[in-house]
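Reader: I have a sequence and a model open on my screen, and I would like to understand the labels people put on the residues. Could you take me through the reasoning behind them?

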Amino acid sequence: MSMIRDLRAAVRPSRPSLRKDTGAYDATRDPSTPSAVVDCAVYRDGRRVPTDCQLSPHEAMRQVRRDGGFVWIGLHEPSEAEFSGIAGEFGLHPLAVEDAVQAHQRPKLERYDDSLFTVFKTIHYVEHDELTANSEIVETGEVMCFTGRDFFITVRHGGQGSLRALRHRLQDDPELLAKGPSAVLHSIADHVVDGYVAVADAVQDDIDEVETEVFTPGRGGKVSRGVDSARIYQLKREVLEFKRAVAPLLRPMQLLSERPMRLVDPDIQKYFRDVADHLARVQEQVLGFDELLNSILQANLAQASVAQNEDMRKITSWAAIIAVPTMVCGVYGMNFDYMPETHWRFGYPVIMAVTGVICMGIHRTLKRNGWL
(Lines give C-alpha, C1' and ligand atoms only; values in the text may rest on other atoms or scores of the structure.)
Protein backbone atom coordinates (compact mmCIF):
# COMPACT_ATOMS: atom_id res chain seq x y z
CA MET A 1 0.00 0.00 0.00
CA SER A 2 2.83 2.41 0.81
CA MET A 3 4.34 1.83 -2.63
CA ILE A 4 1.01 2.63 -4.27
CA ARG A 5 0.75 5.86 -2.23
CA ASP A 6 4.29 6.80 -3.30
CA LEU A 7 3.43 6.07 -6.92
CA ARG A 8 0.29 8.22 -6.74
CA ALA A 9 2.37 11.01 -5.23
CA ALA A 10 4.93 10.63 -8.04
CA VAL A 11 2.38 11.02 -10.83
CA ARG A 12 -0.05 13.51 -9.25
CA PRO A 13 -1.07 16.38 -11.57
CA SER A 14 0.65 19.70 -11.16
CA ARG A 15 0.89 23.01 -12.93
CA PRO A 16 3.67 23.55 -15.51
CA SER A 17 6.93 24.66 -13.96
CA LEU A 18 7.99 28.27 -14.34
CA ARG A 19 11.55 28.59 -15.60
CA LYS A 20 13.48 31.08 -13.48
CA ASP A 21 15.82 32.21 -16.22
CA THR A 22 13.25 33.24 -18.81
CA GLY A 23 10.13 33.87 -16.78
CA ALA A 24 8.07 31.73 -19.15
CA TYR A 25 6.35 28.42 -18.66
CA ASP A 26 8.33 25.38 -19.72
CA ALA A 27 6.82 24.02 -22.90
CA THR A 28 8.87 20.83 -23.01
CA ARG A 29 6.37 18.84 -20.97
CA ASP A 30 3.36 17.25 -22.57
CA PRO A 31 0.24 18.86 -21.03
CA SER A 32 -1.55 15.51 -21.20
CA THR A 33 1.00 13.78 -18.95
CA PRO A 34 0.96 14.08 -15.17
CA SER A 35 3.55 15.91 -13.11
CA ALA A 36 7.19 15.52 -14.14
CA VAL A 37 6.56 12.54 -16.45
CA VAL A 38 7.05 13.71 -20.04
CA ASP A 39 6.40 10.30 -21.63
CA CYS A 40 6.06 6.69 -20.54
CA ALA A 41 5.87 3.87 -23.08
CA VAL A 42 6.47 0.14 -23.47
CA TYR A 43 8.60 -1.12 -26.37
CA ARG A 44 8.48 -4.70 -27.60
CA ASP A 45 10.44 -6.05 -30.57
CA GLY A 46 11.60 -2.53 -31.36
CA ARG A 47 8.12 -1.06 -31.60
CA ARG A 48 6.07 1.07 -29.25
CA VAL A 49 3.12 -0.81 -27.81
CA PRO A 50 0.02 1.26 -28.63
CA THR A 51 -2.24 2.29 -25.75
CA ASP A 52 -5.50 4.18 -25.47
CA CYS A 53 -4.10 6.52 -22.82
CA GLN A 54 -0.84 7.51 -21.14
CA LEU A 55 0.52 4.64 -19.07
CA SER A 56 1.65 5.15 -15.51
CA PRO A 57 5.15 3.83 -14.65
CA HIS A 58 3.60 1.09 -12.54
CA GLU A 59 1.28 -0.07 -15.35
CA ALA A 60 4.10 0.04 -17.91
CA MET A 61 6.42 -2.03 -15.75
CA ARG A 62 3.67 -4.56 -15.07
CA GLN A 63 3.17 -5.02 -18.83
CA VAL A 64 6.90 -5.50 -19.36
CA ARG A 65 7.19 -8.13 -16.65
CA ARG A 66 4.19 -9.94 -18.06
CA ASP A 67 4.80 -9.74 -21.82
CA GLY A 68 8.49 -8.78 -22.18
CA GLY A 69 10.14 -5.75 -23.79
CA PHE A 70 11.26 -2.68 -21.89
CA VAL A 71 9.78 0.57 -20.62
CA TRP A 72 11.18 4.03 -21.36
CA ILE A 73 10.17 6.79 -18.96
CA GLY A 74 11.14 10.41 -19.53
CA LEU A 75 10.99 12.96 -16.71
CA HIS A 76 11.73 16.67 -16.56
CA GLU A 77 13.02 18.22 -13.32
CA PRO A 78 11.18 15.90 -10.90
CA SER A 79 11.05 16.70 -7.21
CA GLU A 80 12.15 14.21 -4.60
CA ALA A 81 8.54 13.30 -3.82
CA GLU A 82 7.69 12.88 -7.51
CA PHE A 83 10.66 10.60 -8.14
CA SER A 84 10.55 8.49 -4.98
CA GLY A 85 7.70 6.26 -6.17
CA ILE A 86 9.36 5.56 -9.52
CA ALA A 87 12.69 4.90 -7.81
CA GLY A 88 11.05 2.36 -5.51
CA GLU A 89 9.22 0.67 -8.38
CA PHE A 90 12.43 0.11 -10.37
CA GLY A 91 14.79 -0.44 -7.45
CA LEU A 92 17.09 2.48 -8.21
CA HIS A 93 20.05 3.07 -5.92
CA PRO A 94 19.44 5.90 -3.38
CA LEU A 95 22.73 7.67 -4.22
CA ALA A 96 21.88 7.78 -7.91
CA VAL A 97 18.36 8.96 -7.12
CA GLU A 98 19.74 11.79 -4.99
CA ASP A 99 22.06 12.90 -7.81
CA ALA A 100 19.23 12.75 -10.35
CA VAL A 101 16.93 14.95 -8.27
CA GLN A 102 19.49 17.54 -7.16
CA ALA A 103 21.22 17.89 -10.56
CA HIS A 104 24.40 19.99 -11.02
CA GLN A 105 26.46 16.83 -11.44
CA ARG A 106 29.65 16.23 -13.42
CA PRO A 107 29.35 13.86 -16.41
CA LYS A 108 29.97 10.35 -15.14
CA LEU A 109 29.14 6.65 -15.36
CA GLU A 110 28.30 4.65 -12.21
CA ARG A 111 27.55 0.93 -12.14
CA TYR A 112 25.17 -0.57 -9.63
CA ASP A 113 23.96 -4.16 -9.26
CA ASP A 114 21.00 -3.94 -11.60
CA SER A 115 21.48 -0.62 -13.41
CA LEU A 116 23.85 1.89 -14.93
CA PHE A 117 23.63 5.56 -13.99
CA THR A 118 24.97 7.99 -16.59
CA VAL A 119 25.11 11.78 -16.44
CA PHE A 120 25.39 13.91 -19.58
CA LYS A 121 25.81 17.68 -19.80
CA THR A 122 23.87 19.15 -22.69
CA ILE A 123 25.17 22.30 -24.39
CA HIS A 124 23.09 24.82 -26.30
CA TYR A 125 24.58 27.71 -28.27
CA VAL A 126 22.91 31.05 -27.50
CA GLU A 127 22.49 33.14 -30.64
CA HIS A 128 23.59 36.79 -30.34
CA ASP A 129 23.99 39.71 -32.71
CA GLU A 130 27.16 41.03 -31.09
CA LEU A 131 29.63 39.60 -28.61
CA THR A 132 29.75 41.78 -25.49
CA ALA A 133 31.32 41.54 -22.05
CA ASN A 134 28.03 40.09 -20.75
CA SER A 135 27.08 37.82 -23.63
CA GLU A 136 25.98 34.30 -22.74
CA ILE A 137 27.51 32.03 -25.38
CA VAL A 138 26.54 28.56 -24.16
CA GLU A 139 23.69 27.33 -21.99
CA THR A 140 24.01 24.01 -20.19
CA GLY A 141 21.51 21.40 -19.07
CA GLU A 142 21.69 17.85 -17.78
CA VAL A 143 20.35 14.45 -18.76
CA MET A 144 20.58 11.59 -16.26
CA CYS A 145 19.98 8.08 -17.57
CA PHE A 146 19.12 4.92 -15.62
CA THR A 147 19.73 1.82 -17.75
CA GLY A 148 18.35 -1.49 -16.56
CA ARG A 149 17.62 -4.89 -18.04
CA ASP A 150 14.04 -4.01 -18.90
CA PHE A 151 13.76 -0.28 -18.27
CA PHE A 152 15.31 3.03 -19.29
CA ILE A 153 14.65 6.25 -17.35
CA THR A 154 15.79 9.72 -18.35
CA VAL A 155 15.74 12.67 -15.95
CA ARG A 156 16.30 15.98 -17.66
CA HIS A 157 17.18 19.33 -16.09
CA GLY A 158 17.18 22.67 -17.88
CA GLY A 159 15.06 24.19 -20.60
CA GLN A 160 17.22 22.82 -23.42
CA GLY A 161 17.95 19.31 -24.66
CA SER A 162 14.45 17.90 -25.19
CA LEU A 163 14.54 14.20 -26.13
CA ARG A 164 11.15 14.06 -27.81
CA ALA A 165 12.53 14.28 -31.35
CA LEU A 166 15.15 11.64 -30.50
CA ARG A 167 12.42 9.29 -29.24
CA HIS A 168 10.52 9.70 -32.48
CA ARG A 169 13.63 8.96 -34.56
CA LEU A 170 14.31 5.82 -32.57
CA GLN A 171 10.73 4.66 -33.02
CA ASP A 172 11.30 4.93 -36.77
CA ASP A 173 14.21 2.46 -36.46
CA PRO A 174 12.72 -0.71 -34.90
CA GLU A 175 15.80 -2.78 -35.68
CA LEU A 176 17.97 -0.57 -33.49
CA LEU A 177 15.36 -0.14 -30.78
CA ALA A 178 14.98 -3.91 -30.55
CA LYS A 179 18.47 -4.02 -28.98
CA GLY A 180 16.90 -2.78 -25.76
CA PRO A 181 17.70 0.01 -23.28
CA SER A 182 21.40 0.14 -24.24
CA ALA A 183 20.37 1.26 -27.73
CA VAL A 184 18.56 4.22 -26.19
CA LEU A 185 21.60 5.02 -24.05
CA HIS A 186 23.83 5.08 -27.14
CA SER A 187 21.38 7.26 -29.06
CA ILE A 188 21.29 9.82 -26.24
CA ALA A 189 25.10 9.83 -25.97
CA ASP A 190 25.40 10.28 -29.73
CA HIS A 191 22.77 13.04 -29.68
CA VAL A 192 24.58 14.92 -26.88
CA VAL A 193 27.99 14.65 -28.56
CA ASP A 194 26.57 15.78 -31.91
CA GLY A 195 25.32 18.85 -30.05
CA TYR A 196 28.86 19.45 -28.79
CA VAL A 197 30.16 19.38 -32.37
CA ALA A 198 27.59 21.95 -33.52
CA VAL A 199 28.30 24.26 -30.57
CA ALA A 200 32.07 23.96 -31.11
CA ASP A 201 31.66 25.16 -34.71
CA ALA A 202 29.59 28.14 -33.55
CA VAL A 203 32.07 29.07 -30.81
CA GLN A 204 34.87 28.85 -33.38
CA ASP A 205 33.14 31.60 -35.37
CA ASP A 206 33.03 33.85 -32.27
CA ILE A 207 36.73 33.25 -31.59
CA ASP A 208 37.60 33.97 -35.22
CA GLU A 209 35.69 37.26 -34.99
CA VAL A 210 37.60 38.36 -31.88
CA GLU A 211 40.91 37.22 -33.36
CA THR A 212 40.28 39.26 -36.52
CA GLU A 213 39.51 42.38 -34.50
CA VAL A 214 42.64 42.00 -32.38
CA PHE A 215 45.05 41.48 -35.25
CA THR A 216 43.52 43.91 -37.76
CA PRO A 217 45.92 46.92 -38.17
CA GLY A 218 44.67 50.33 -37.11
CA ARG A 219 44.21 53.30 -39.38
CA GLY A 220 47.24 54.12 -41.45
CA GLY A 221 48.70 50.65 -40.85
CA LYS A 222 49.51 51.47 -37.25
CA VAL A 223 49.39 48.98 -34.42
CA SER A 224 45.83 48.23 -33.31
CA ARG A 225 44.84 49.37 -29.86
CA GLY A 226 43.13 45.99 -29.32
CA VAL A 227 39.58 45.24 -28.23
CA ASP A 228 37.83 45.28 -24.88
CA SER A 229 39.57 42.62 -22.79
CA ALA A 230 36.31 41.93 -20.94
CA ARG A 231 34.87 40.43 -24.14
CA ILE A 232 37.76 37.99 -24.39
CA TYR A 233 37.43 37.08 -20.70
CA GLN A 234 33.71 36.43 -21.16
CA LEU A 235 34.36 34.20 -24.16
CA LYS A 236 37.03 32.35 -22.19
CA ARG A 237 34.59 31.76 -19.32
CA GLU A 238 32.04 30.31 -21.71
CA VAL A 239 34.67 28.03 -23.25
CA LEU A 240 35.59 26.88 -19.73
CA GLU A 241 31.96 25.94 -19.10
CA PHE A 242 31.99 24.03 -22.38
CA LYS A 243 35.18 22.28 -21.31
CA ARG A 244 33.62 21.18 -18.00
CA ALA A 245 30.86 19.43 -19.93
CA VAL A 246 33.09 17.69 -22.45
CA ALA A 247 36.24 16.61 -20.61
CA PRO A 248 34.73 14.44 -17.81
CA LEU A 249 32.52 12.54 -20.29
CA LEU A 250 35.42 11.05 -22.26
CA ARG A 251 36.28 8.39 -19.67
CA PRO A 252 32.68 7.07 -19.35
CA MET A 253 32.39 6.79 -23.14
CA GLN A 254 35.67 4.88 -23.28
CA LEU A 255 34.42 2.48 -20.59
CA LEU A 256 31.19 1.87 -22.46
CA SER A 257 33.10 1.19 -25.68
CA GLU A 258 35.89 -0.97 -24.24
CA ARG A 259 34.63 -2.93 -21.24
CA PRO A 260 31.95 -5.61 -21.65
CA MET A 261 28.89 -4.84 -19.53
CA ARG A 262 25.97 -7.17 -19.10
CA LEU A 263 23.48 -4.31 -19.46
CA VAL A 264 24.98 -3.16 -22.77
CA ASP A 265 24.32 -5.21 -25.89
CA PRO A 266 27.62 -6.27 -27.56
CA ASP A 267 26.39 -4.97 -30.91
CA ILE A 268 25.60 -1.58 -29.37
CA GLN A 269 28.97 -1.40 -27.60
CA LYS A 270 30.71 -1.06 -30.94
CA TYR A 271 28.78 2.14 -31.64
CA PHE A 272 30.05 3.75 -28.44
CA ARG A 273 33.55 3.73 -29.98
CA ASP A 274 32.37 6.17 -32.62
CA VAL A 275 30.82 8.40 -29.95
CA ALA A 276 34.06 8.31 -27.92
CA ASP A 277 36.07 9.22 -31.02
CA HIS A 278 33.85 12.22 -31.81
CA LEU A 279 34.00 13.30 -28.19
CA ALA A 280 37.80 13.11 -28.14
CA ARG A 281 37.96 15.36 -31.20
CA VAL A 282 35.61 17.89 -29.60
CA GLN A 283 37.72 17.84 -26.44
CA GLU A 284 40.86 18.58 -28.46
CA GLN A 285 39.02 21.41 -30.18
CA VAL A 286 37.84 22.92 -26.88
CA LEU A 287 41.34 22.68 -25.40
CA GLY A 288 42.59 24.44 -28.53
CA PHE A 289 40.00 27.18 -27.97
CA ASP A 290 41.31 27.72 -24.45
CA GLU A 291 44.93 27.99 -25.60
CA LEU A 292 44.02 30.24 -28.52
CA LEU A 293 42.05 32.60 -26.28
CA ASN A 294 45.06 32.80 -23.95
CA SER A 295 47.21 33.84 -26.90
CA ILE A 296 44.63 36.34 -28.15
CA LEU A 297 44.33 37.86 -24.69
CA GLN A 298 48.11 38.21 -24.34
CA ALA A 299 48.37 39.72 -27.81
CA ASN A 300 45.55 42.15 -27.04
CA LEU A 301 47.24 43.27 -23.82
CA ALA A 302 50.57 43.62 -25.65
CA GLN A 303 48.96 45.77 -28.36
CA ALA A 304 47.35 47.99 -25.74
CA SER A 305 50.73 48.36 -24.04
CA VAL A 306 52.44 49.24 -27.34
CA ALA A 307 49.74 51.81 -28.11
CA GLN A 308 50.20 53.38 -24.68
CA ASN A 309 53.96 53.53 -25.21
CA GLU A 310 53.45 55.29 -28.53
CA ASP A 311 51.19 57.83 -26.86
CA MET A 312 53.76 58.43 -24.13
CA ARG A 313 56.53 58.95 -26.71
CA LYS A 314 54.42 61.51 -28.56
CA ILE A 315 53.57 63.33 -25.36
CA THR A 316 57.23 63.33 -24.33
CA SER A 317 58.33 64.59 -27.77
CA TRP A 318 55.93 67.52 -27.77
CA ALA A 319 56.93 68.32 -24.20
CA ALA A 320 60.58 68.51 -25.31
CA ILE A 321 59.66 70.85 -28.19
CA ILE A 322 57.54 73.10 -25.99
CA ALA A 323 60.33 73.22 -23.36
CA VAL A 324 62.51 75.43 -25.65
CA PRO A 325 60.16 78.44 -25.94
CA THR A 326 59.15 77.91 -22.32
CA MET A 327 62.78 78.24 -21.22
CA VAL A 328 63.42 81.31 -23.39
CA CYS A 329 60.27 83.04 -22.19
CA GLY A 330 61.17 82.14 -18.64
CA VAL A 331 64.57 83.75 -18.95
CA TYR A 332 63.22 86.97 -20.47
CA GLY A 333 60.38 87.06 -17.97
CA MET A 334 62.73 87.66 -15.02
CA ASN A 335 62.96 91.44 -15.77
CA PHE A 336 66.65 91.93 -15.11
CA ASP A 337 68.21 95.22 -16.16
CA TYR A 338 70.93 93.69 -18.28
CA MET A 339 69.24 91.07 -20.50
CA PRO A 340 70.85 90.09 -23.83
CA GLU A 341 69.69 92.14 -26.80
CA THR A 342 66.83 93.82 -24.92
CA HIS A 343 67.65 97.26 -26.36
CA TRP A 344 68.45 96.07 -29.87
CA ARG A 345 65.79 96.83 -32.50
CA PHE A 346 65.97 93.31 -34.01
CA GLY A 347 66.40 91.48 -30.69
CA TYR A 348 62.81 90.26 -30.39
CA PRO A 349 62.47 88.80 -33.91
CA VAL A 350 65.93 87.25 -33.71
CA ILE A 351 65.12 85.50 -30.41
CA MET A 352 61.80 84.26 -31.83
CA ALA A 353 63.48 83.01 -35.00
CA VAL A 354 66.21 81.20 -33.09
CA THR A 355 63.57 79.60 -30.84
CA GLY A 356 61.53 78.48 -33.88
CA VAL A 357 64.60 76.99 -35.60
CA ILE A 358 65.53 75.03 -32.49
CA CYS A 359 61.94 73.70 -32.14
CA MET A 360 61.82 72.69 -35.81
CA GLY A 361 65.16 70.93 -35.49
CA ILE A 362 63.98 68.95 -32.48
CA HIS A 363 60.71 68.07 -34.26
CA ARG A 364 62.54 66.85 -37.36
CA THR A 365 64.94 64.74 -35.30
CA LEU A 366 62.17 63.11 -33.27
CA LYS A 367 60.07 62.41 -36.34
CA ARG A 368 63.02 60.83 -38.13
CA ASN A 369 63.51 58.54 -35.14
CA GLY A 370 59.85 57.50 -35.12
CA TRP A 371 58.76 59.33 -32.01
CA LEU A 372 56.28 61.55 -33.88
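**Reasons behind the labels**

Author: Gladly! Thr-355 counts as buried, at 9% relative accessibility. Please keep in mind that this is a predicted model.

Reader: What makes Thr-355 buried?

Author: The cut-off for buried is under 20% relative accessible area. Thr-355 has 9%, so the label buried applies. This residue is found in helix α11. Leaving aside neighbours within four places in sequence, Thr-355 is in contact with Val-324, Pro-325 and Val-328.

Reader: How do you know that Val-354 is partly exposed?

Author: Val-354 has a relative accessible area of 44%. Partly exposed covers what is in between under 20% and over 50%, so Val-354 gets that label. Val-354 is also found in helix α11, which spans residues 347–368.

Reader: What makes Val-354 eligible for a nonpolar patch on the surface?

Author: A patch takes residues with over 30% relative accessible area and no salt bridge, and Val is on the list of nonpolar side chains. With 44%, Val-354 passes that area cut-off. The patch is formed by Trp-344, Phe-346, Val-350, Val-354 and Ile-358, with about 460 Å² of accessible area together.

Reader: Lys-108 carries a charge in my notebook. Why is Lys-108 called buried?

Author: Its relative accessible area is 19%, and the cut-off is under 20%, so Lys-108 is buried. Lys-108 lies in strand β4, residues 108–111. Setting aside residues within four places in sequence, Lys-108 is in contact with Asp-99, Phe-117, Thr-118, Val-119 and Pro-252.

Reader: What makes the meeting of Lys-108 and Asp-99 a polar contact?

Author: Their side chains are joined at 2.8 Å. A polar contact needs a pair of N or O atoms within 3.5 Å, so the distance of 2.8 Å fits.

Reader: Let us turn to salt bridges. How do you know that Arg-65 and Glu-89 form one?

Author: The closest N and O atoms of Arg-65 and Glu-89 are 3.6 Å apart. The cut-off is within 4 Å, so the pair counts as a salt bridge. The pair links distant parts of the chain, with Arg-65 in helix α2 (residues 57–67) and Glu-89 in helix α3 (residues 80–90), 24 residues apart. Side chains of opposite charge can pair when their charged atoms come close.

Reader: Why is Arg-65 called exposed, and why is Glu-89 called buried?

Author: Exposed means over 50%, so Arg-65, at 55% relative accessibility, counts as exposed. Buried means under 20%, so Glu-89, at 8%, counts as buried.

Reader: What makes Arg-66 and Asp-67 a salt bridge?

Author: The closest N and O atoms of Arg-66 and Asp-67 are 3.2 Å apart. That value is within 4 Å, so the name salt bridge applies. Arg-66 has a relative accessible area of 56%, over 50%, and is therefore exposed. Asp-67 has 40%, in between the two cut-offs, and is therefore partly exposed.

Reader: Why are Arg-281 and Asp-277 said to be about one helical turn apart?

Author: Arg-281 and Asp-277 are four residues apart in helix α10, so about one helical turn separates them. An α-helix has 3.6 residues a turn, so residues three or four places apart point the same way. The side chains of Arg-281 and Asp-277 meet in a salt bridge at 3.5 Å, N to O. Arg-281, at 47% relative accessibility, counts as partly exposed, and Asp-277, at 39%, is partly exposed too.

Reader: How many salt bridges are found in the whole structure?

Author: A search finds 14. Asp-39, Arg-48 and Arg-167 are linked in a network of salt bridges.

Reader: Which residues touch the most other members of the largest nonpolar core?

Author: In this core of 60 residues, they are Phe-120, Ile-188, Tyr-196, Val-203, Phe-242, Met-253 and Leu-256. Helix α7 (residues 181–215) supplies the largest share of this core, 15 residues. Another core, of 30 residues, lies apart from it, with Val-37, Met-61, Val-119 and Met-144 among them.

Reader: Which residues are buried in helix α9?

Author: In α9 (residues 250–258), the buried ones are Leu-250, Pro-252, Met-253, Leu-255, Leu-256 and Ser-257. The buried residues of α9 pack against β4, β5 (115–125), α7, α8 (229–246) and α10 (266–332).

Note on methods. Residues numbered from 1 in each chain as written. Predicted model: local features only at pLDDT ≥ 70, side-chain atom pairs only at ≥ 80, totals over all residues. Heavy atoms only, no water. Patch = residues over 30% accessible without salt bridge, like charges linked within 9 Å, V, L, I, M, F, W, Y side chains within 5 Å. Areas by Shrake-Rupley, 256 points an atom, 1.4 Å probe, with all protein chains shown as cover. Helix = DSSP H or I, 4+ residues; strand = E, 2+ residues; numbered from the N terminus. Buried < 20%, exposed > 50% of the residue type's maximum accessible area, 1.4 Å probe, protein only. Polar contact = N/O pair within 3.5 Å; in protein donor to acceptor, adjacent residues only side chain to side chain. Contact = heavy atoms within 4.5 Å. Core = buried A, V, L, I, M, F, W, Y, C linked by side-chain atoms within 4.5 Å.
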